[in-house]
Amino acid sequence: MKMSKLFVQTLREFPSDAEVVSHKMLVRAGYIRKLTSGVYEYLPLMWRVLKKVEDIIREEMDRAGAQELLLPFVQPKELWEESGRWEVYGKELMRLRDRHDREMCLGPTAEEVITAVARDGLKSYKQLPCNLYQIQSKFRDEVRPRYGLLRGREFIMKDAYSFDMDEEGLDKEYKNMADAYTRIFKRCGLETKMVQSDSGAIGGSVSHEFMVITTTDAGENDVFYCDSCDYSANSNHAVSKLPQADTDGNKFGFNEVKIVDTPNTKSIDELCEFLNIPSTIILKSLVYVVDKKYVLALIRADKQVEETKLMNAVGGIDIRIASEAEILELMQQHGFNGKAGFVGPKGMTDITIIADETVKDLKNFVVGINETDKHMVGANLDKDIPTITHFADIRLVEKDEFCPQCGQPLKVTRGIEVGNIFKLGTKYSKPMNAVYLDKNGKAQPYVMGCYGIGVSRTAAAAVERYHDDNGMFLPVQIAPYHCVIVPVSTKDELQMTTAQKIYDDLIKAGVEAVLDDRDERPGVKFKDADLIGFPYRITVGKTITEGNVEFKTRATGEIETIKPEQSVEKVINLIKEVGIL
Ligand code: ATP
Ligand code: MG
């Protein structure tokens, strides 16, 4: 490919609407262009990257025994009604109507469609196990599609679905997919951590995410992990052991229950200061709205509630913290006139009250009683708090806590979720009556798993991981081209013929090379080469009169002076080393 013909427009500045590095770099280096919010065009450079990621995925999925197919992007409402998700899937599901007023949606995922495919095609136990996958655009009407390809509304996903006879088969396939995923990301040049996670809207019981660990702002997930054992989990799922703490108010003089005046103590800090106590003997009450209903969450006051855990504890699918007005409304409904900061479980007998496990340890504690500037002190669960619906772990793990498996200190880092594997069980096969006939001729629902990889997100995550001030340097395995050859002066005949020869030799060997034949200043060519991130650059300049060219490795910035034929050999060897060619 000649640079003069390459379809690429590099920009001098980063786009003003881009917040994360990968978005900024991909737009500036001419890989993508925004069509509308959360929807991007994959220009030729990007498309080459995506195809490479896809090819790696295909090879490894096929190697793992899965079969590729392609499902429609538009899906009918009826299937979603069969699974029960039409009602419960939130606003991310883009719904539309056709000219006959039939309701449809743009596929955000394909459990329903694939279950219908299996129902018709996998009738006997002899056909199981079976794993089917596709690489297809998905659409999710994300609330804040602000991270470029990392969180698009339209994006490319590889989604696979497995069908087994029983849990044992599923366990085996789950492990098989986890291994395939590890190979896929490694072949993309990415190190990933496999972490336990919440199963979210897809449902099921067990799930793991593959995270690219990153220090940039783009890591939307906190990952807690332990260096001493293999524990690692997304914060929406992580658990921990807590350090010792004072949880008995007796030590602070609260040996009998009473109501005390606590003026101007609407926050936990103010209350601690006023009563001269640690927050570990206070019961904190927080009002949430889960699926449009009020829920009261109780937790030891030095800890925070993890909303996903709370939502799961209630069995809901949508959660938000209540506004001040809503808290007041809730209190008034129960006959109280206190300010929002004084809310408590008193009298709230008709709503769901979920208490965190930390609450079990509290004795003679301090709690709000829905009255302004008053608190109850010396309170105890069984006597002074109305029926708690149930206890659950709804606590957000924080640093300085300990590994639930081995007790060593937990560490935290940020990560980008590039892949996700789920054990679905019979969550879809049962309601959709997707069954096979077992050995005894009895109909049984498939035991299913599903396995996703964000193809476009993986490429963007690689940019988050591999960039510097001058641009990106995608691993050569997924970079759009392997190498660029830059003659410093296009008017110099020797430079041009040498560059052309290197280029021809590389192309002959199967290397994806670009010849920068533009009549531009060398500075411009070098800048573009760095920005686009050609893994290797061979510069043919004045030193060619001595028989030398310059070889630059983009990732390290290292520059060597070598012979032209050595430069050809070097590129070939380097890319052979990573399994290309
Ligand atoms: P997230 O929690 O980041 O919203 P998710 O858990 O809802 O993602 P899954 O349903 O597990 O996503 O989808 C499988 C994979 O698809 C994810 O691991 C991720 O790599 C990718 N993906 C999901 N949503 C997006 C998006 N909006 N843009 C790009 N890739 C996405
Ligand atoms: Mg996920």
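User: In this predicted model, which residues coordinate the magnesium ion (ligand 2)?

Analyst: A metal site is read from its donor atoms, and here the magnesium ion (ligand 2) is coordinated by Glu417 through OE and by Asn420 through OD1, at 2.0 to 2.3 Å. Water is not among the atoms, so the site may look incomplete.

User: Are Glu417 and Asn420 buried or exposed?

Analyst: Burial is judged from relative accessible area, with buried meaning under 20%, and both Glu417 and Asn420 are buried.

User: Which residues come nearest to ligand 1?

Analyst: There are 15 residues around ligand 1, and those that come nearest are Glu142, Arg151, Gly152, Glu417 and Asn420, so that Glu417 and Asn420, which coordinate the magnesium ion, appear here again. Turning to polar side-chain atoms, one of Glu417 lies 2.6 Å from an oxygen atom of ligand 1, while one of Arg151 lies 2.8 Å from an oxygen atom of ligand 1, and for Asn420 the distance to an oxygen atom of ligand 1 is 2.8 Å. On its own, ligand 1 has 590 Å² of accessible area, of which the protein covers 85%.

User: Which strand gives the most to the shell around ligand 1?

Analyst: A shell can be traced back to the elements that supply it, and both β8 (154–164) and β21 (411–425) supply at least two residues each, with β21 giving the most, at 4 residues.

User: Why is strand β29 described as largely enclosed?

Analyst: A strand has two faces, and each can be checked for cover. In β29 (residues 536–540), 5 of the 5 residues are buried, and therefore the strand is largely enclosed by the rest of the structure. On one side these are Tyr536, Ile538 and Val540, and on the other Arg537 and Thr539.

User: Which strands pair with β29?

Analyst: Strand β27 (residues 483–487) runs parallel to β29 and is joined to it by 5 bridges, with Val486 standing opposite Thr539. Strand β30 (residues 549–553) pairs with β29 in the antiparallel sense over 4 bridges, and there Thr553 stands opposite Tyr536.

User: How many ångströms should helix α2 span, and what follows the helix?

Analyst: An α-helix has 3.6 residues a turn, so residues three or four places apart point the same way. At 1.5 Å a residue, the 20 residues of α2 (residues 44–63) should span 28 Å, and this agrees with its end C-alpha atoms, which are 28 Å apart. The buried residues of α2 include Leu45, Met46, Val49, Leu50 and Val53, and the helix is followed by Gly65, whose phi is positive, near 95°.

Notes
Residues are numbered from 1 along each chain as its sequence is written. Chains are lettered from A and ligands numbered from 1 in the order in which they are written. This is a predicted model: local features need pLDDT of at least 70, side-chain atom pairs count only at pLDDT 80 or more; totals for chains, interfaces and linings use all residues. Side-chain values use heavy atoms; hydrogens and water are left out. The expected span of a helix is 1.5 Å times one less than its number of residues. Buried means under 20% relative accessible area, exposed over 50%, partly exposed in between (1.4 Å probe, protein chains only). Donors are N, O and S atoms within 2.8 Å of the metal (3.2 Å for Na, K and Ca); water is not among the atoms, so sites may look incomplete. Two strands pair if DSSP finds at least two bridges between them. A residue is near a molecule or strand if one of its heavy atoms lies within 4 Å of it. A polar contact is a pair of N or O atoms within 3.5 Å; within protein, one must be able to donate a hydrogen and the other to accept it, and residues adjacent in sequence count only if both atoms are side-chain atoms. Accessible areas come from the Shrake-Rupley method with a 1.4 Å probe; for residues, only the protein chains shown count as cover.
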